[in-house]
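Here is a friendly note to read alongside the model. Please keep the structure open and find each residue as you come to it.

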Amino acid sequence: MNKTGNKELRKWDIIWSYMGQIVNYGVHILLTPVISVKLSSYELGLWYTFTSIFTLINFFDTGFSPLLMRNAAYCMGGARELLKEGIITNEREKEAGCNYGLLKSLYKTARKLYGTMAAVFFALLILVGIPYIKYITQSYFRTEYIAAWVIYSFGIALNVFMIFLPAFLKGVGSIAEVQRSYAIGRGLQLIFSIAGVFAGYGIMALACGFVLGNALICIMTYVHYYRHWRRDVMEASGEMTQKKVLGVLWFNARKLGLVAVGRYMSTQGNILICSTFLSLEVSACYGLTVQALQAISSIAMIYLQAVVPSISSAKVEKNREKEKTLFSAAVAVFWCTFGLAAPALLFLANPLLAWIGANTRLLELPALALAAAGFFLQYNQICFSLYIGMGNEVPYMKGEFFSGAAVMLCSFLLATCTQAGILGIVAVQGLVQACYNDWKWPLSVCRRLQLSLGDIGRIGMRSVGEKLRGALR
């Protein structure tokens with residue numbers, strides 16, 4: 001085990017992270033004008049119901065993927081053991097080589113776990129999903145909707161199975177290679193979907209494009225693993241049993257799973273409420289808005305996601321100054337990116353959709369502005385929560401879960417007992433989060449780092465400026 005892990009963030013890691021995520025979210029952004037024109041409002045609402053359910057499944061995975069990536073990074077930093085909570089620092093051996101035996105145990109456990117999850121989710125999506133799709137489309141039912149759902153469900157299962165390998169590869173440092181796979185796979189999905197929609201195949205084309213994109217990502221990531229990591233990993237002697245590794249992962253995964261469910265309920269869950277209790281047309285407008293805001297929020301977080309392995313390795317090495325610099329830069333990038341993208345969305349999106357003759361728009365400006373403010377505050381606290389999670393602890397589980405449940409309950413009551421409509425649903429989403437999560441976790445991180453938000457901004461902007469000047473040179 002004398003090979004040193006890839007602990008430093010490379011230039012191409014950042015470049016491909018942006019390219020991969022921009023294409024990943026660009027699929028939805030570039031598809032939006034096409035499907036807004038080519039699909040009717042109720043078909044668009046049905047498609048957003050599809051994607052909302054996919055997001056729910058993905059949220060269940062978010063309990064494991066971040067843990068898998070972080071624990072792989074701990075192994076690359078020279079960790080001798082994986083713990084349920086906290087990490088064993090390695091400050092006396094900052095150049096320690098990768099622990100391939102521990103990586104092998106982690107890989108084999110994750111592969112078995114995700115294979116089981118994929119089979120279970122596919123069965124549930126077929127048994128429960130088909131009756132649900134029939135119910136919400138009963139007034140305009142077409143057989144192709146069920147066929148599209150079965151194909152889309154297979155794509156979801158494939159996505160669940162493949163997710164473990166990109167997370168594992170990111171943890172060991174192959175960030176650029178993973179993001180390249182996503183860029184190519186989602187690019188194929190975009191081309192196929194647009195061609196299919198223009199050919200008149202509607203939702204069926206979107207479902208088939210989704211499967212093709214996932215299949216290509218799965219193939220490309222495995223080929224990279226096979227060529228560059230498989231021999232070193234599989235020739236090592238496993239240092240922990242799969243049962244013990246699963247116990248370590250499950251300890252925090254169940255908490256992160258509840259965090260994911262809470263976040264789903266506070267955003268995507270409202271799409272299901274709109275489609276069930278308001279209308280598919282309203283659901284289409286809200287779904288389009290959520291998709292756009294999640295896209296710019298996630299793009300704003302790309303740099304933070306890219307530096308997670310480096311921060312995790314710095315924690316193993318107990319290098320606090322490196323942690324502060326990397327995290328502050330990531331937060332500064334998030335603030336600046338969202339701050340530039342949100343006004344453009346507010347004032348340009350609907351006029352552009354009207355210009356191209358789209359059948360669906362984003363929410364009207366008051367509701368859209370409220371939603372943008374709520375998303376900024378929520379994703380801002382997610383940035384800070386993510387830093388806390390890099391220390392292998394999840395103190396924010398209860399706050400996230402109960403806040404999400406409160407949002408869903410309030411939204412349900414507003415939709416069924418009042419005339420507040422979508423504006424009330426958007427407002428309550430932001431108000432509930434502002435009561436606790438939006439301030440609690442940023443304050444907690446500031447105290448841990450002994451920095452103010454202003455300090456984080458200054459350190460971050462200085463670090464970003466230095467990196468940009470270095471890149472230009």
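1. Let us start with the charged pairs: the count comes to five salt bridges, a salt bridge being a side-chain nitrogen of Lys or Arg within 4 Å of a carboxyl oxygen of Asp or Glu. Side chains of opposite charge can pair when their charged atoms come close. Before going further, please note that this is a predicted model, where local features need pLDDT of at least 70, side-chain atom pairs count only at pLDDT 80 or more, and totals for chains, interfaces and linings use all residues. Residues are numbered from 1 along each chain as its sequence is written, and side-chain values use heavy atoms, with hydrogens and water left out.

2. One of these pairs joins arginine 263 to glutamate 400, with 3.2 Å between the closest N and O atoms. Arginine 263 sits in helix 9 (residues 242-266) and glutamate 400 in helix 15, so the salt bridge links distant parts of the chain, 137 residues apart. Helices here are DSSP runs (H or I, at least four residues), numbered from the N terminus. Are the two partners buried or exposed? Arginine 263 counts as buried because its relative accessibility is 17%, and glutamate 400 is buried too, at 0%. The cut-offs are these: buried means under 20% relative accessible area, exposed over 50%, and partly exposed in between (1.4 Å probe, protein chains only).

3. Stay with helix 15 for a moment. This helix covers residues 397-417, and its 21 residues should span 30 Å at 1.5 Å a residue; the end C-alpha atoms are 30 Å apart, which agrees. The expected span is 1.5 Å times one less than the number of residues. Besides Glu400, the buried residues of helix 15 include Met397, Gly399, Ser403, Gly404 and Val407.

4. Now look at helix 13 (residues 320-355), where arginine 320 and glutamate 323 both lie, three residues apart, about one turn of the helix. Their salt bridge has its closest N and O atoms 3.9 Å apart. Arginine 320 is partly exposed, with a relative accessible area of 39%, whereas glutamate 323 is buried, at 4%.

5. Helix 13 holds another such pair: the side chains of lysine 324 and glutamate 321 meet in a salt bridge (3.9 Å, N to O). Because lysine 324 and glutamate 321 are three residues apart in helix 13, about one helical turn separates them. An α-helix has 3.6 residues a turn, so residues three or four places apart point the same way. Lysine 324 is buried, with a relative accessible area of 14%, but glutamate 321 counts as exposed, at 53%.

6. How do helix 5 and helix 7 pack? Helix 5 (residues 143-172) and helix 7 (residues 202-228) meet at an angle of about 20°, and their axes are 8 Å apart. That makes helix 5 roughly parallel to helix 7, a term for angles under 35 degrees (over 145 counts as roughly antiparallel, 65 to 115 as roughly perpendicular and the rest as oblique). The axes are lines fitted to C-alpha atoms over the stretch in contact, with angles from 0 to 180 degrees between N-to-C directions. The residues of this contact divide into 24 nonpolar, five polar and one charged. Ala, Val, Leu, Ile, Met, Phe, Trp, Tyr, Cys and Pro count as nonpolar, Asp, Glu, Lys and Arg as charged, and the others, Gly among them, as polar.

7. Helix 3 (residues 65-76) is a good one to inspect for burial. Of its 12 residues, 11 are buried, so helix 3 is mostly covered. Among the buried ones are Leu67, Arg70, Asn71 and Tyr74. Helix 3 reaches 17 Å from its first C-alpha to its last, close to the 16 Å expected at 1.5 Å a residue. Glycine 78, with a positive phi near 95°, follows this helix.

8. Glutamine 450 also has a positive phi, near 55°, and this is a residue other than glycine. Its place is in the loop between helix 17 (437-449) and helix 18 (453-472). Glutamine 450 counts as exposed, with 68% relative accessibility.

9. Finally, two phenylalanines are worth finding. Phenylalanine 121, in helix 4 (residues 100-136), is buried at 13% relative accessible area. Its C-alpha atom is 9.5 Å from that of phenylalanine 154, 33 residues apart along the chain. Phenylalanine 376 lies in helix 14 (residues 365-389) and counts as partly exposed, at 25%.

Conventions:
Helix = DSSP H or I, 4+ residues; strand = E, 2+ residues; numbered from the N terminus.
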